[in-house]
Amino acid sequence: MVVNMKRILMFIAVLPLLALAACGGSTDHNDADVEFAQQMIPHHQQAVMMADLVPDADASPELVELAAQIKAAQAPEITLMRGWLKDWDESAMGGHDMGDMDGMEMDGMLSGAEMRELARTRGAEFDRLWLTGMISHHDGAIEMADDVLEDGKSTDVAELARNIITAQKAEIATMKGLLG
């Protein structure tokens, strides 16, 4: 029942984002909104990549569940932000290439070497590396969301930023608990 309740809560959290995407959202935006979306897309993509490593890493059941939750939340947000950028006639990548993580210098992003090390690790050591990496990753996303709340213009972007802050602060608390 706990797992089903979490899935229901995730669906409820994502539903407003899907509604915004379906409506096309607001076109009233500025450069800070564009930069946020262009940077948060690869940021979220890396979180999804990290979540994809979990099933084959002999991770704890709690980590498997958390990774699935993170992926379920962030994948629709990527789609939403891509839609905004398309509506705004802006490039989705903004000069970022997920194939070259060593060149990424965004808040909380793991380097290519850190991602390769994570992919090679298994069991309890994987859990520790994944959790510490994802906490840093989430801290970076929260900082990016705080910045766009201060400098952005789009009400849709602000709503997403607030949702990211709320969800990722809760996930950080869970991850810190799992680290013990």
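Helices and strands are taken here as DSSP runs, numbered from the N terminus, with at least four residues for a helix and at least two for a strand. On that basis, the elements of the chain run α-α-α-α-α-α from the N terminus on. The count is 6 helices and 0 strands. Please keep in mind as you browse that this is a predicted model.

## The chain as a whole

Of the 180 residues in the chain, 42% are buried. Among the contacts with a separation of 6 or more, 82% join residues that sit 24 or more positions apart. Let us look at how the helices meet.

## Helix H2 and its two partners

Two packed helices are described by the angle between their axes and the distance between the axes. Helix H2, residues 31–53, gives us two such pairs to explore, one with H6 and one with H3.

Take H6 to begin with, the helix of residues 155–179. Its axis and that of H2 come within 11 Å and cross at roughly 35°. The crossing of H2 and H6 is left-handed. On the H2 side, the residues in contact are Asp-33, Phe-36, Met-40 and His-44, and they meet Val-157, Leu-160, Ala-161, Ile-164 and Gln-168 of H6. By class, the residues of this contact are 6 nonpolar, 2 polar and 1 charged.

Now turn to H3, which spans residues 61–87. Here the axes are 9 Å apart and the packing angle is about 150°. Because angles over 145 degrees count as roughly antiparallel, H2 is roughly antiparallel to H3. H2 passes H3 in a left-handed crossing. The H2 residues in this contact include Val-34, Ala-37, Ile-41, Ala-47 and Val-48, while those from H3 include Ile-70, Ala-75, Ile-78, Met-81 and Leu-85. Sorted by class, the contact of H2 with H3 has 14 nonpolar, 4 polar and 4 charged residues.

Phe-36, Met-40 and His-44 are worth a second look in your viewer. They are among the H2 residues that meet H6, and they are also among those that meet H3.

## The nonpolar core

In soluble globular proteins, nonpolar side chains tend to be buried together. Which residues of the largest nonpolar core touch the most other members? They are Phe-36, Leu-63, Met-81, Phe-126, Trp-130 and Met-175, out of 43 residues in this core. The elements that give two or more residues to the core are H2, H3, H4 (112–120), H5 (123–151) and H6. H5 supplies the largest share, with 11 residues.

Met-81 makes a good starting point for a tour of the core. Leaving aside residues up to four places away in sequence, Met-81 touches Phe-36, Ala-37, Met-40, Ile-41, His-44 and Leu-160. Of these, Leu-160 is one of the H6 residues that H2 meets.

## A buried histidine in H5

Is His-138 buried or exposed? His-138, which is placed in helix H5, is buried, with a relative accessible area of 0%. Beyond residues up to four places away in sequence, His-138 touches Ile-70, Gln-74, Gln-168, Glu-171, Ile-172 and Met-175. Met-175 is also one of the core members with the most contacts to other members.

## Residues in the loops, and one in H6

Most residues other than glycine have a negative phi, and most peptide bonds are trans. Two aspartates have a positive phi although they are not glycines: Asp-58, at about 55°, and Asp-89, at about 60°. Here they are side by side.

| Residue | Location | Phi | Relative accessible area |
|---|---|---|---|
| Asp-58 | loop between H2 and H3 | about 55° | 60%, exposed |
| Asp-89 | loop between H3 and H4 | about 60° | 71%, exposed |

Thr-121 lies in the loop between H4 and H5, and at 11% relative accessibility it counts as buried. Not counting residues up to four places away in sequence, Thr-121 touches Ala-57, Phe-126 and Leu-129. Thr-121 and Ala-59 are 62 residues apart in sequence, and their C-alpha atoms are 9.9 Å apart in space.

Finally, Ala-167 lies in helix H6 and counts as partly exposed, at 34% relative accessibility. From C-alpha to C-alpha, Ala-167 and Ile-142 are 9.6 Å apart in space, with their positions 25 residues apart in sequence terms.

Notes:
Residues numbered from 1 in each chain as written. Predicted model: local features only at pLDDT ≥ 70, side-chain atom pairs only at ≥ 80, totals over all residues. Heavy atoms only, no water. Axes fitted to C-alpha atoms, helices over the stretch in contact; angles between N-to-C directions. Left-handed = near helix turned anticlockwise from the far one by under 90°. Contact = heavy atoms within 4.5 Å. Nonpolar A, V, L, I, M, F, W, Y, C, P; charged D, E, K, R; others polar. Parallel < 35°, antiparallel > 145°, perpendicular 65-115°, else oblique. Core = buried A, V, L, I, M, F, W, Y, C linked by side-chain atoms within 4.5 Å. Buried < 20%, exposed > 50% of the residue type's maximum accessible area, 1.4 Å probe, protein only.
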